[in-house]
Amino acid sequence: MASQFCGMNKQEHASAVIRVTKVFHFEMAHALHGYNGKCAQLHGHSYALHVTVKGIPVTDPERSDSGMVIDFGDLKKTVNAAVVNRFDHALLLNERDRGAFDDAHTMFNRVEFTVFQPTCENLLLEIVQALKDRLPDGVTLCALRLWETPNSHAEWMEGDQG
Ligand SMILES: [Zn+2]
């Protein structure tokens, strides 16, 4: 009997904040300027980026994203445009190493000299800046986790910020 099919079908869910996460992957090379360890060498990582946003699911039944905080497809497009397309198969070098790598642009066309040390932590801060103004109204960035290796990741949490 339809009326007993679902206990919630006669009333709306109460509004509640929900977090949703999408996972992205990109390959990126870097070298850490002045670092006392192996990461001073030119090398690459297979990064995994977990993007978590939060909001109240859309309640308008006429909208295609009804019941969603954000359409996963829209989140994918936004993160790909702002982050993955920039970093995937790119080489990030500290601006302070430009002298040693000045001709890298002639060999590769995806080279970016950064004003920051291209660590996992600093990449997260770049990603926050790239994403924070690109999300729809009512949807906010609440956590980013960037895995540099299967054993090492850094995270940015909205609640930790001042
Ligand atoms: Zn590294």
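Modeller: Two strands are said to pair if DSSP finds at least two bridges between them. The structure discussed here is a predicted model.

Colleague: In what order do the six strands form the open sheet?

Modeller: Strands of a sheet pair through backbone hydrogen bonds, either parallel or antiparallel. In this sheet the pairing is mixed. Neighbouring strands are turned against each other by 30 degrees on average, direction ignored. Read across the open sheet, the order is β4-β3-β1-β2-β5-β6.

Colleague: Which are the edge strands?

Modeller: An edge strand of this sheet pairs on one side only. The order β4-β3-β1-β2-β5-β6 shows where to look. The edge strands are β4 (111-114) and β6 (152-157).

Colleague: Which residue in β6 stands opposite R145?

Modeller: β5 and β6 form a hairpin with two residues between them. The two strands run antiparallel and are joined by six bridges. The residue in β6 opposite R145 is E155.

Colleague: Over how many bridges do β2 and β5 pair?

Modeller: In the order of the sheet, β2 stands beside β5. V53 stands opposite L141 in β5. The pairing of β2 and β5 has the antiparallel sense, and the number of its bridges is seven.

Colleague: Which residues of the largest nonpolar core touch the most other members?

Modeller: In soluble globular proteins, nonpolar side chains tend to be buried together. The largest nonpolar core has 19 residues, and β2 (43-55), α1 (72-87), β3 (90-94), α4 (120-131) and β5 (140-149) each supply at least two of its residues. Leaving aside neighbours within four places in sequence, one of the core residues, L49, is in contact with F24, V83, L144 and L146. The residues that touch the most other members are L49 and V51.

Colleague: At about what angle does α1 run to β1?

Modeller: The helix α1 lies across β1 (18-31), β2 and β3. Its buried residues pack against β1, β2, β3 and α4. The angle of α1 to β1 is about 15 degrees.

Colleague: On which residue is the kink in α1 centred?

Modeller: α1 has 16 residues and reaches 21 Å from its first C-alpha to its last, close to the 22 Å expected. There is nevertheless a kink of about 50 degrees in this helix. Its centre is N80.

Colleague: Which residues in α1 are buried?

Modeller: An α-helix has 3.6 residues a turn, so residues three or four places apart point the same way. A residue counts as buried if 20 or more other C-beta atoms lie within 10 Å of its own. In α1 the buried residues are L75, T78, V79, V83 and F87.

Colleague: Does H89 count as buried or exposed?

Modeller: H89 lies in the loop between α1 and β3, and has a positive phi of about 55 degrees although it is not a glycine. A residue is exposed if 12 or fewer other C-beta atoms lie within 10 Å of its own. Because H89 has 11 C-beta neighbours inside 10 Å, this residue counts as exposed.

Colleague: How far apart in space are R19 and P57, C-alpha to C-alpha?

Modeller: R19 is placed in strand β1 and counts as exposed because it has 11 C-beta neighbours inside 10 Å. Not counting residues up to four places away in sequence, R19 touches T52, K54 and C142. R19 and P57 are 38 residues apart in sequence, and their C-alpha to C-alpha distance in space is 9.7 Å.

How values were computed
Residues numbered from 1 in each chain as written. Predicted model: local features only at pLDDT ≥ 70, side-chain atom pairs only at ≥ 80, totals over all residues. Core = buried A, V, L, I, M, F, W, Y, C linked by C-beta atoms within 7 Å. Helix = DSSP H or I, 4+ residues; strand = E, 2+ residues; numbered from the N terminus. Contact = placed C-beta atoms within 7 Å. Axes fitted to C-alpha atoms, helices over the stretch in contact; angles between N-to-C directions. Expected span 1.5 Å × (residues − 1). Bend = angle between axes of the 7 residues up to and from the residue.
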